[in-house]
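Biologist: Could you take me through one part of this model up close, the salt bridges and what sits around them? I'd like one connected account rather than a list.

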Amino acid sequence: MTVAMNDLNTIRPATREFLAAAHANLIGGSWVPAASGKTLSVVDPATGQEITRVAESDAADIDHAVQAARNAFESAAWRDMKPATRERLMNRLADLMEQNIDTLAELESIDNGKNVAIAKAVDMTCAIDVFRFMAGIPSKLNGATLKPSIPFAPDARFFAYSHPVPVGVVGAIIPWNFPALMIAWKLGPAFAAGCTVVLKPAEETPLTALFIGRLAQEAGFPDGVLNVVTGYGHTAGAALSNHRGVDKVAFTGSTEVGRLILQAASGNLKRVTLELGGKSPAIVMPDADAAVAIPGAASGIFFNHGQTCCAGSRLFVHKSRFDEVVDGVANIARNMKVGPGLDMSTEIGPMVSKVQQDRVCAYIEAGKAEGAELLVGGTRPDSNGFFVNPTVFVNTSNDMKIVREEIFGPVLVAMPYTDLEEVIAWANDTPYGLGASIWTRDVSTVHTLAHRIRSGTVWVNCHNVIDAALPFGGFKESGWGRENGVDAVKAYCETQTVCIAL
């Protein structure tokens, strides 16, 4: 099968103008090139061709950005800004994103490979919603009055209170699978808490971060509150996570890199939140509605080309329904349109890079070598882009590499089970615990099973459903802390206690 190429002649003038512009780092309100003068290539994964270049930053640029963020954090313009004013700034940024939603969606599609219509309807719409949700929080971050009973001062009188204060300068390091949404997940709660940010987007997908940096300036954020520094993870990202001027690192990415972030953060004991990998189970019960479960399970793994941390990559189906459900999912995979993101009919876009394509294909080969049966897919289409056909394996077991390790591509492993205790054990037999889904019509089964699954989110008769109000994060090696909801803002705050002798 030959896959069509992206046609950049179809994009909007504003998108074309942005791609053609010189791209520098946003530091302290100014757009500055990397101190070294180096740039790195940004590639369209649907074609394998360079589309633009951005600054290749290193430790010197990170140091410059951290100092700018520190200056902004300590400045009266941000420190003394009334909560209601900060709320209006965040809403203004959301408004500007909405006004530019088509350009943002095109940039995301070209940069990441995802369908442009999905990028607009899901990624951008959800990102805007996160900013609006978080914009309602600054005026509602309240503390508590306390009544101390000081045992060694029985006759003294005290008044005490506690209140949240911003943690300080945040280093936000985001991945390439949902760039704009991850920006909102980091910036929204950080700004709501009153922090300043150095944002390091993934080197594969820096474009929407740079564009949103422009919009933040237009919205009126004080200089240095948001700094955007592009570069490689092993240089710019490592320097940011290790920097002693950073008070907190907020990272989304692989568990392997999350461990490196933790090691780097130990230098000054900076606060850390980590949203990491997953190997999420999708459990189809005997009474499941096949018309719901089959397309739902397919979407759970193939959405965003499988490049989703909570993708339902392990499908457990009761043996009485196994052939029906798995054949249905395989038939969907067999008929999905593989193509470039600017084609709105595309259902499976490319992997984000050649490295990721090779990684996914290596897992497919490992699965075949271990004896798993390939039901559909397992191949690369004929293309200069980084495509992998949607793939379904059966005859798998829990000790196989493709079952135990996160593939981060459109690869599903399916296994039949016989009873509830067996599937609970299999679902939990993983170092990860990010997401899970249950497909059933029995409310008793829902409550019984959901509480036994060691997972940060359990979906019922759906998968990959997110909302700004719903806390999202993992158990076990899937991370620390939560994104979204009020809990996310608390992770960007410290609690300060004030005790006054009267």
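Modeller: Let's start with Arg-271, which at 41% relative accessibility counts as partly exposed. Keep in mind that this is a predicted model. The side chain of Arg-271 meets that of Glu-494 in a salt bridge, with 3.0 Å from N to O. The two partners come from distant parts of the chain: Arg-271 belongs to strand S11 (residues 271-275) and Glu-494 to strand S22, 223 residues apart. Glu-494 is partly exposed as well, at 29% relative accessibility. Why do both fall into that class? Anything under 20% would be buried and anything over 50% exposed, so values of 41% and 29% land in between.

Now stay with the surroundings of that pair for a moment. On the Arg-271 side, Leu-269 lies in the loop between H10 and S11. Leu-269 has a phi near 55°, a positive value in a residue other than glycine. With 63% relative accessibility, Leu-269 counts as exposed. On the Glu-494 side, strand S22 spans residues 493-501 and also holds Ile-500. Ile-500 joins Phe-159 and Leu-502 in a nonpolar surface patch of about 280 Å². The relative accessible area of Ile-500 is 35%, which makes it partly exposed. A residue needs over 30% to enter a patch, so Ile-500, at 35%, clears that cut-off.

Next, the pair Asp-358 and Arg-380. Their side chains meet in a salt bridge with 2.8 Å from N to O. Asp-358 sits in helix H13, while Arg-380 sits in the loop between strand S14 (373-376) and strand S15 (391-394), so the bridge ties together parts that are 22 residues apart in sequence. Both ends are partly exposed: Asp-358 has a relative accessible area of 29%, and Arg-380 has 38%. Then there is a group rather than a pair: Arg-12, Asp-102, Glu-106 and Lys-120 are joined into one network by salt bridges that share partners.

One more pair belongs here. Arg-53 forms a salt bridge with Glu-50, and the closest N and O atoms are 2.8 Å apart. Arg-53 is partly exposed, with a relative accessible area of 35%, and Glu-50 counts as partly exposed too, at 44%. Side chains of opposite charge can pair when their charged atoms come close. The count for the model comes to 21 salt bridges.

Helix H13, the home of Asp-358, takes us to the largest pocket. About 1100 Å³ of space lies in that pocket. The elements that give two or more residues to its lining are helix H9 (233-242), strand S10 (248-252), helix H10 (255-265) and helix H13 (354-369). H10, which precedes the loop that holds Leu-269, provides the largest share of the lining, six residues. In total 40 residues line the largest pocket, and Trp-176, Phe-251, Gly-253, Ser-254 and Val-257 lie nearest its centre. By class, this lining has 19 nonpolar, 12 polar and nine charged residues.

Phe-159, from the surface patch, falls within the range of strand S6 (158-166), and S6 brings us to the second largest pocket. Its volume is about 360 Å³. Of the 18 residues that line the second largest pocket, Arg-79, Arg-86, Pro-164, Pro-166 and Ala-193 lie nearest the centre. The elements giving two or more residues to this lining are helix H3 (76-79), helix H4 (83-99), strand S6 and helix H7 (179-193). S6 gives the most, with four residues. The lining of the second largest pocket divides into 12 nonpolar, four polar and two charged residues.

Finally, a contrast with Leu-269. Asn-304 also has a phi near 55°, a positive value in a residue other than glycine. Leu-269 is exposed, whereas Asn-304 is buried, with a relative accessible area of 6%. Asn-304 lies in the loop between H11 and S13. His-305 is found in that loop too, between helix H11 (290-302) and strand S13 (314-318). At 3% relative accessibility, His-305 counts as buried. His-305 and Asn-115 are 190 residues apart in sequence, and their C-alpha atoms are 9.8 Å apart in space.

Definitions and conventions: Residues numbered from 1 in each chain as written. Predicted model: local features only at pLDDT ≥ 70, side-chain atom pairs only at ≥ 80, totals over all residues. Heavy atoms only, no water. 1 Å grid on protein atoms, 1.4 Å probe; cavity = no way out; pocket = protein on both sides within 12 Å on 5 of 7 lines; lining within 4 Å. Points joined across faces, edges and corners; volume = space filled by probe spheres on them. Nonpolar A, V, L, I, M, F, W, Y, C, P; charged D, E, K, R; others polar. Patch = residues over 30% accessible without salt bridge, like charges linked within 9 Å, V, L, I, M, F, W, Y side chains within 5 Å. Areas by Shrake-Rupley, 256 points an atom, 1.4 Å probe, with all protein chains shown as cover. Salt bridge = Lys/Arg side-chain N within 4 Å of Asp/Glu carboxyl O. Buried < 20%, exposed > 50% of the residue type's maximum accessible area, 1.4 Å probe, protein only.
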